[in-house]
Every structure is written in structure tokens, then in C-alpha cells.
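Please look over the structure shown here before reading on. The paragraphs below are meant to be followed with the model open beside them.

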Amino acid sequence: MGTQTRISRRTFLKAAALSGAGLAIGISPDSSGRTPHEGQHTRLAGWVKIGSDDTVTVLISRSEMGQGISTALAMVVAEELEADWTKVRTEWAPVTPEYAPQATGASKSIRTLWKRLLIAGAAAREMLIEAAARTWEVGKETCVAERGFVVHRFTGRRLAYGSLAEKASGLEIPKWVDLKNPKDYRLVGKPLPRLDTPEKVRGEAIYCWDLKVSGMLVATVARCPVLGGWVKEFDAEAVEKIEGVRYVVPLFNSSSASRRQAWAYLRSADFSDSSPAEPKHSSQDDNGPSDAAHSPRPQGTDIVAIAVVAENFWSAKRGRDALQVEWENGPNATRDSGEIAGIFDSWSREGPGKTIVNRGDVRKAEAGCASKLSAVYQAPYLAHATPEPMCCVADVRRESAEVWAPTQDPWESLTAASQWAGLPSDAVQLHKIRLGGGFGRRLVTDFVAEAVQISKSIGTPVKVLWSREDDIRHDYYRPATSHNMSAGVDESGRPTFWRHRIAGLGSHVQLLTGADEIPYAIPDKVVELVQGKMPEPVKTGAHRGVGHVQNAFAIECFMDEIAASGKNDPFELRRKLLAGSPRHKAVLELAASKADWGGPLPEGIHRGIAMQAHEVGSIAAQVAEVSIEKENRVRVHRVVCAVDCGRVVNPSIVTSQITGGILFGLSGALKEEITLHKGRVVQSNFHDYPLLGMDEIPEIIVHTVPSREHPVGVGELGVLPVAAAVANAVFAATGKPVRRLPIRLA
């Protein structure tokens with residue numbers, strides 16, 4: 001055995017017998033000892049269930065969106081449990097307080113659940129061993145667990161876990177457990193196939209778009225084409241004539257006041273003069289304010305969209321196309337993305353900033369440096385463009401509701417559903433289902449709120465489907481940003497001070513991550529955030545890699561400009577600056593070594609290097625090899641990536657995650673850009689918002705640094721440095737620095 005771990009008061013375990021004779025064990029709370037709903041509930045997370053048929057079921061509390069987390073988390077439990085991997089299954093953990101928090105993002109799942117799941121598996125193993133020892137009337141120390149059995153060392157007798165589970169469920173939870181020595185791991189660290197692959201290959205995996213609920217109708221929503229606009233008037237007369245259309249439903253904005261007005265309006269039992277049908281839930285007994293019956297039709301900004309509900313998507317779409325809506329475009333009616341970029345650029349140069357990092361004395365260093373250089377980098381708005389556009393199914397009844405949502409944040413979705421249904425949260429059952437891609441888009445709950453609002457209005461289960469055009473034009477975009485970089489260098493070309501001013505509109509996480517803690521040994525640093533005001537800013541949200549991506553582009557491209565100004569090799573300059581950061585230096589050196597940095601290249605091929613660390617503690621360095629083809633087209637031939645993500649749970653999943661991240665980042669570097677004209681998103685689908693094509697995919701080679709450190713996530717790691725690595729390769733090819741994404745050569 002390895003380390004002995006005490007199951008402390010804060011690391012509470014609970015065991016229970018299954019109805020089918022078996023053991024269920026859970027562990028709570030998180031390592032911080034904090035609970036998300038303090039004082040309301042006791043959380044249990046990481047339940048392990050062992051059935052009488054020997055199956056081991058691990059309940060997965062995080063969302064599976066293709067990243068393989070359900071397999072990786074199950075491996076952690078199975079390792080300490082000494083389970084037979086062929087009998088391991090997974091289930092989605094219910095969306096209940098016992099399993100909170102369940103938000104999936106920021107590469108945090110493995111990092112936050114690793115220790116807890118190890119302890120849960122070890123505790124279950126110890127209880128099974130104790131049950132076997134009592135059955136045989138032998139000392140517990142004479143028994144060991146092996147691949148789903150407890151074995152008596154001296155006699156070779158064996159009992160399967162399934163035969164012991166019921167007895168084990170009646171035992172006390174051990175106060176101490178021995179965690180395995182990592183050298184004895186037989187699952188963790190192995191490239192085991194993913195558990196969810198077979199059902200996907202067989203076409204049996206159910207996504208929201210596949211979901212069918214008895215009596216369900218289908219809805220599609222007309223939203224104002226100008227971001228931030230609302231409904232002035234609408235006429236649904238033509239919609240009523242379309243076969244299959246059942247309802248036209250106004251949708252309200254998300255403010256509390258608007259929700260109260262919506263409930264009142266729905267109880268007035270008449271959507272509008274043009275409504276084809278009355279809502280079924282319209283009595284005074286409905287949840288919501290009691291003093292607002294017979295409310296007048298809402299005015300102003302309250303109605304933000306119109307839903308057309310039909311028997312099928314085709315009828316709903318035809319209805320939406322026939323709907324006559326007069327939109328009030330609001331303050332964004334004249335807004336263009338070029339204007340926004342200009343404003344951000346102005347802010348980054350001149351606006352008063354909030355100091356985030358202030359180390360050393362930049363003014364003194366500035367006065368004493370040999371030379372100075374500066375540059376402004378810009379990144380555009382990006383859409384998430386998930387493979388499965390937004391979708392949600394809701395069935396809101398008088399006293400309860402069910403919602404099926406492919407969400408990255410079940411608790412926020414449950415909260416939104418509860419608010420819009422006008423029901424207490426324990427009256428709402430949220431079914432978490434697999435996600436057809438997330439990338440941060442499904443942390444927002446707007447699509448859940450729409451489905452619940454519509455179902456409450458019509459009293460029928462409804463599935464709300466977003467078209468690709470809806471998805472591209474009404475996203476919560478990655479923020480556009482402008483980065484004003486300046487630095488001084490000494491006679492050797494080594495940077496002596498560093499100033500980074502970030503301008504844009506969005507949360508601090510969206511704008512600052514990756515900029516506040518750069519690993520390079522530059523003594524005097526200032527990082528500032530500059531945010532002015534706009535009447536109606538573009539909605540922004542988390543986008544895979546979040547602020548790291550834009551900041552890595554600015555920081556790592558500027559580092560290459562610093563190297564060039566001093567006639568230094570960009571790898572060697574970084575290497576010297578990382579002398580005090582051995583983990584970062586090792587990752588950089590591994591990437592350079594595997595890419596044969598400095599070695600000969602085929603004619604026309606050029607290399608660029610970049611690195612970035614993620615806030616969870618993982619590090620990636622990449623070398624990109626590119627050529628400039630006809631019409632100044634940038635082609636990426638190879639990306640060599642080195643990562644340090646602590647202990648690797650499943651190398652195959654890590655490689656897939658890093659590879660997917662690099663391709664995601666390459667699309668952003670070479671292709672993607674959301675632009676606005678008169679407040680409208682110009683792009684609509686993949687013909688004008690293209691992703692990287694199959695014929696453009698480079699060779700990708702991933703290396704991991706061997707580590708015994710605590711494992712951390714890799715879902716975003718591959719995305720972070722790739723745009724900078726490619727831009728720096730283009731700089732090497734052309735001699736002209738790349739300062740704007742996507743990379744487009746004149």
C-alpha cells in the first residue's frame with residue numbers, strides 16, 4: 001500500500017444498501033470543506049454502486065461533451081477499488097445538492113475530483129475486504145482485493161464483489177484508508193478505450209436533438225437580428241394558416257420583473273390578437289405573483305423573441321418564416337465591429353486602466369533600458385459553433401417540471417428552469433444528457449429558459465431547436481480584445497520591463513487569465529485592464545481556453561518580436577527567461593527537442609514556438625511548422641506539442657484532448673471571425689464562418705512530461721499556444737510580425 005489517508009470529518013463517507021442487494025458509497029464534500037449551498041444540504045459526490053451481479057457503477061457528476069471525462073473519472077474509482085474494468089459502468093449523477101457543484105469547464109474535473117474519488121474507491125474496497133474476512137472468519141489482514149474479487153492469501157478462496165456487496169453495506173465506514181502506491185496502478189496511466197465509444201459507434205448515443213417525449217411539440221424562435229434588440233409589434237395571422245403550427249408564444253427577457261410580467265401575461269389567457277391558441281396553464285393557481293391577473297400586453301423591452309410551436313420542426317420553421325415582426329433595434333443599430341475594434345484599440349493606448357499586476361518599478365526600468373519596443377495585438381469575437389446547436393426539452397406542469405438539457409452547468413440550468421417555471425427547485429427534475437460539444441457555450445442557460453418558458457405557456461412538453469444560423473448569430477461570443485504591449489531590453493536583448501494593457505468588454509476571467517502570471521523572469525511588470533462603456537455591449541461568454549488564448553497570442557508573439565529586436569533565437573531567449581521555472585523550462589525544451597528546433601527544414605517550411613500555462617497548473621509548449629502558399633495562404637504542416645499535466649490518468653484521452661484543442665485553436669487562428677454590421681452578426685453558417693477543413697489538418701504529435709504531481713485537466717491546454725506558435729512561424733517566414741487574428745496575409 002502507499003499512503004494512509006484519514007477520512008476526516010470534512011471527508012465524510014456514507015454507505016447504503018441498494019434495493020437489488022448491493023453496496024453504494026459516496027464521499028463528501030470537496031477538499032476545501034465548503035459547500036455551494038451552505039447550511040442547506042450535505043453533499044455526497046462520487047457515488048460508487050456495486051451490484052449483486054458484480055457490476056461496478058460510477059456516477060458521473062460532470063458533463064460529458066466528448067472530452068472523455070466519464071471514462072477518466074471511472075478509472076480513478078476503479079483503480080482504488082481494485083475493480084474488474086470489464087464490469088465497470090457509468091451513470092449520470094442526478095442533479096441534486098448531494099452532487100453539487102457539477103459545472104464542467106476550465107479543465108477542472110480531474111483536478112478537483114481526483115483525491116475524493118480515490119478515497120471513495122479505497123473505502124469501498126476496504127469494506128468489501130472486511131465483509132469477506134467476516135464471512136471466512138479470518139483476519140482482515142489476510143485478505144486482498146484483486147480485480148473484482150477478495151482473495152484469502154493462505155487458502156486461495158475467492159469471493160466476487162457482487163456476493164459481498166450487501167454485507168459490506170452494513171459495515172461502518174473505515175476512518176482510515178490505505179491509498180495504493182502509484183507504482184502499483186494497473187488502470188491509471190493506461191490508454192484504456194473509452195467506455196462510451198461502443199454506443200456512439202452503434203448510433204445508440206442519445207443527444208438532445210434525438211430526444212422524444214410523449215406529446216412533445218417542437219419550437220423554433222425568432223430573435224431580433226440586431227443584438228440587444230426587442231419586439232415592437234408582431235402579427236401571426238399568416239402563421240395560423242400553416243399546417244402543423246399550434247402556438248405562437250412571446251418570450252420575455254430574463255429580468256425578474258419581466259418574469260413576473262410574463263406570468264401575469266400568461267394568466268391573462270390571451271397571448272395576443274394573433275395568437276392561434278390560448279395557453280393551457282392560465283389559472284390563478286399558477287405559481288408566480290398573485291396580483292397581476294389580466295395584465296395588459298407587455299411593452300418596451302420585455303418581449304425579446306417570438307416562438308413558433310408546431311407538430312414538427314418543418315412546420316415550426318415555416319411558421320417562423322411567415323411571422324411578421326417589427327423589431328426595435330435598440331442602441332446597437334449602427335454598431336460595426338470595425339468601430340468596436342477601434343474603440344478597444346483606443347482604450348488600450350490611452351484609457352485609464354485597472355492595475356492587475358504591479359511588480360518592481362517599471363518606470364525606473366523604462367528609464368534605464370537600452371531600447372524599447374511596443375506593439376498592439378487584436379483578437380476578434382468568436383462563436384462557439386458546437387457540432388450540436390442549442391436544444392432543450394421541457395415539460396412544465398402545474399406543480400412540477402422536467403427538463404432535459406445538454407448543459408455544462410446543471411445547477412445553473414436547474415435554477416433557470418425553476419425561476420421560469422415559477423416552481424421551487426425541488427419540484428423541478430433536470431435530466432442531464434450528453435452534449436454535442438460545449439466549448440463554454442452550454443455554461444449559459446438561455447436555451448433552457450426558452451424551453452421552460454414556452455412549455456409553461458402552452459402546458460405541453462416542447463423541444464426548442466436552434467438552427468445553425470440561430471446559433472452563430474445569437475451566441476455568447478468570445479470577447480474581442482486589444483492588447484497594447486511594451487517592453488524594454490538590455491544590450492543583450494533580454495527584456496527588462498513588461499507592460500501589458502488589455503482592453504475589451506467581458507468578465508475578468510474572459511479577459512485576464514494567462515496574462516496575470518507569466519513565467520518569464522522579467523523583474524518589472526505591469527498588467528492593466530482597460531474597460532470603458534458601451535450602451536449595449538455584445539454578449540460574451542466563456543470560450544474554450546477563455547482569456548488564455550488571446551493573451552497567449554499577444555504575449556508569445558511579442559516575445560518573438562523582442563527576440564528579433566535583439567537578434568536572439570526565440571527558443572533560447574525563452575529558455576533563459578525560464579531558468580527559475582523548471583517545469584515550464586522542461587516543457588519548452590521537450591517541445592523544441594521533439595521538433596528538432598534549429599535543425600534543417602524542407603525548403604519553404606518555417607518554424608514558430610510558443611508556450612502557455614493554464615491556471616489549473618498544466619503547461620503546454622508547441623512548435624508549428626508552416627509554409628506560405630499561393631495567394632498568401634498559410635498552411636500548417638505539423639504541430640509538435642509537449643505538455644505537463646501532472647499524473648496522466650489516460651494517455652489516449654490526453655492525446656485526443658490535446659489534439660482536439662490544437663485543431664480548435666487552429667480554426668480560430670486561421671479561419672474564424674465574427675463581425676458586426678449595423679448591429680447584426682454578418683456570419684450565419686459554415687459557408688461564411690468556416691472551420692478548419694479535413695484537408696487542412698496538420699500532423700500533430702503530442703508528448704507528455706512524466707510526472708507524479710497531482711493530475712490536472714487538459715481540455716483547454718492544447719488550444720492555448722497554437723495561434724501564437726503559427727503566427728510566430730509566419731513571422732519567421734515573412735519577417736513581418738502577425739498582430740491580428742485570424743492570420744491573414746496581405
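What follows goes from the confidence of the model to its two sheets and some of its helices.

This is a predicted model, in which local features need pLDDT of at least 70 and side-chain atom pairs count only at pLDDT 80 or more, while totals for chains, interfaces and linings use all residues. Residues are numbered from 1 along each chain as its sequence is written, and side-chain values use heavy atoms, with hydrogens and water left out. The chain has a mean pLDDT (the predictor's confidence in each residue, from 0 to 100) of 89, and 88% of its residues reach 70 or more. Over residues 29-45 the pLDDT is below 50, and this stretch has 38 contacts (heavy atoms within 4.5 Å) beyond near neighbours in sequence.

Helices (H or I, at least four residues) and strands (E, at least two) are DSSP runs, numbered from the N terminus. One open sheet has 7 strands in the order β13-β14-β11-β21-β18-β19-β20, and its pairing, for which DSSP must find at least two bridges between two strands, is mixed. Because β13 (245-252) and β20 (428-432) each have a single partner strand, they stand at the edges, and one side of each is left without a neighbour in the sheet. Inside this order, β11 (residues 217-223) and β21 (residues 462-465) run parallel and are joined by 3 bridges, with Ala 219 opposite Val 464 in β21. Helix α11 packs on the sheet, touching β11, β13, β14, β18 (391-396), β19 (401-405) and β21, and its direction makes about 35° with that of β18; such angles run from 0 to 180 degrees between N-to-C directions, and axes are lines fitted to C-alpha atoms, for helices over the stretch in contact.

Helix α11 (residues 446-458) also has a helix beside it, since its axis and that of α10 (residues 410-421) come within 9 Å and cross at roughly 30°. That makes α10 roughly parallel to α11, as angles under 35 degrees count as roughly parallel, over 145 as roughly antiparallel, 65 to 115 as roughly perpendicular and the rest as oblique. Among the residues that meet are Ser 413 and Trp 420 in α10, and Val 448 and Lys 456 in α11.

The other sheet to follow is open too, with 5 strands in the order β16-β24-β23-β22-β17 and mixed pairing. Its edge strands, β16 (354-359) and β17 (371-379), each pair on one side only. Strand β16 runs antiparallel to β24 (residues 524-530), with 5 bridges joining them, and the bridge partner of Lys 354 is Leu 529 in β24.
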